[in-house]
Amino acid sequence: MSNDQIGKYWDQRARAAQSSITRWWQSGTIVSHINRLVCGRRIPGLHAGFHELLKANGRSFARAVSIGSGHGGKELSLVRANVVEHFELFELSAQRIEVGRAAAEKAGVGGRMHFHLADAFETNVTGGFDLVYWNNSLHHMMNAEEALIWSRANLRPGGTVAMDDFTGPTRFQWTTANIDIATRAREVMPDRLLANPASPRDLLPRQIKRPDPVRLAQIDPSEAADSSGIMGAWARLFPNSRVIHTGGAIYNLALNDAIANFTPEDSSLLETLLLLDESLIGKETNHYTVAISSG
């Protein structure tokens, strides 16, 4: 495994065209449901609930760092809202950085967003950050505890470390309990909701299975590399944190790909499934977590 491999994989992802809604983060209904769990209000916008917590009481951050920032769209929203004055962004995909720089320049904040095509952990970073920001990138770190130790070491006294991330099983090796729940959910779905978006004449499997972890690592060496270790490390390093688990047993697993087939007429069913997902939040079934530690 190398940083070059990871960078090339995400370069390819940056060039890939998205043809349909197949993942939960593309569904406005699911996104607003998660935002309600996080900030108490059903607002639109991916990670908007997370950002509301960062903005609470008029808080702002002079200097922030983001690891695995991708094209920096999430960070750009915080800069444009003047929640963050200046962002240092580290990313391994040159394609994504190119997109991010162009977007920052177009928004008139290019001078406030400094992209680095580099591994932050192998770079002589000048610390003292007011905010260390992890947004669906911590689960791509090969060692979650080392990444969080780095975060604490580079945080100024009184600073904030925040994450909105996948904290489920490493390499997506789902628990037996979660597999049973997701499989039962698919078993009660009509065939029309299980049409395979990649091959509509075929049905998605009703039986949920764990992916091959070796194959998954070959495709993307960083995917959920140490995600199971995140919460334990976070609790040890940032014991006085606000932690909000946001589920995923249904919306991330049972509805994976199947969400492409839901129409407005299926809104009641989707809402019911989301309430079920919320009721199942627990150690064996949680996939995502928002956590903020302010010194």
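**Salt bridges, cores and spaces in a predicted model**

Me: Glu 85 counts as buried, partly exposed or exposed: which is it?
Reply: This is a predicted model. The relative accessibility of Glu 85 is 45%. Buried means under 20% and exposed means over 50%. The value falls between the two, so Glu 85 counts as partly exposed.

Me: With which residue does the side chain of Glu 85 meet in a salt bridge?
Reply: The closest approach in this pair is 3.8 Å, N to O. Glu 85 sits in strand 2 (residues 84-91), and its partner in the loop between helix 5 (94-106) and strand 3 (113-117), 27 residues apart. The partner's side chain is that of Arg 112.

Me: Is Arg 112 buried or exposed?
Reply: Its relative accessible area is 18%. The cut-off for burial is under 20%. Arg 112 is therefore buried.

Me: How many salt bridges does the structure hold?
Reply: One of them joins Arg 23 and Asp 257. Arg 41, Glu 52 and Lys 55 are linked in a network of salt bridges. For the structure, the count is 10.

Me: How many residues apart in sequence are the parts that Arg 23 and Asp 257 tie together?
Reply: The side chains of Arg 23 and Asp 257 meet at 2.7 Å, N to O. Arg 23 lies in the loop between helix 1 (3-15) and helix 2 (28-39), and Asp 257 in the loop between helix 10 (249-254) and helix 11 (267-279). The bridge therefore spans a sequence separation of 234 residues.

Me: With which residue does Glu 271 form a salt bridge?
Reply: The closest N and O atoms are 2.7 Å apart. Glu 271 lies in helix 11 and its partner in the loop between helix 2 and helix 3 (48-55), so the pair ties together parts 229 residues apart in sequence. Glu 271 is partly exposed at 28% relative accessibility, and the partner is partly exposed at 40%. That partner is Arg 42.

Me: Which residues touch the most other members of the largest nonpolar core?
Reply: The largest nonpolar core has 53 residues. Another core, of 23 residues, lies apart from it, with Val 65, Leu 138, Ile 230 and Trp 234 among its members. In the largest core, the residues with the most member contacts are Ile 30, Leu 54 and Leu 255.

Me: Which residues does Leu 54 touch, not counting residues up to four places away in sequence?
Reply: Contact here means heavy atoms within 4.5 Å. Neighbours up to four places away in sequence are left out. The partners of Leu 54 are then Arg 59, Phe 61, Leu 78, Leu 131, Tyr 133, Ala 162 and Ile 292.

Me: Which element gives the most to the lining of the largest cavity?
Reply: The largest cavity holds about 110 Å³ of space. Of its 15 lining residues, Trp 24, Ile 34, Asn 35, His 47 and Asp 164 are the closest to the centre. Helix 2, helix 3 and strand 9 (288-294) each give two or more residues to this lining. The top contributor, with 4 residues, is helix 2.

Me: How many residues in the lining of the second largest pocket are polar?
Reply: The second largest pocket holds about 320 Å³ of space. It has 17 lining residues, and the closest to its centre are Thr 167, Gly 282, Lys 283, Glu 284 and Asn 286. The lining includes 3 nonpolar and 2 charged residues. The polar residues number 12.

Methods: Residues numbered from 1 in each chain as written. Predicted model: local features only at pLDDT ≥ 70, side-chain atom pairs only at ≥ 80, totals over all residues. Heavy atoms only, no water. Core = buried A, V, L, I, M, F, W, Y, C linked by side-chain atoms within 4.5 Å. Buried < 20%, exposed > 50% of the residue type's maximum accessible area, 1.4 Å probe, protein only. 1 Å grid on protein atoms, 1.4 Å probe; cavity = no way out; pocket = protein on both sides within 12 Å on 5 of 7 lines; lining within 4 Å. Points joined across faces, edges and corners; volume = space filled by probe spheres on them. Nonpolar A, V, L, I, M, F, W, Y, C, P; charged D, E, K, R; others polar. Salt bridge = Lys/Arg side-chain N within 4 Å of Asp/Glu carboxyl O.
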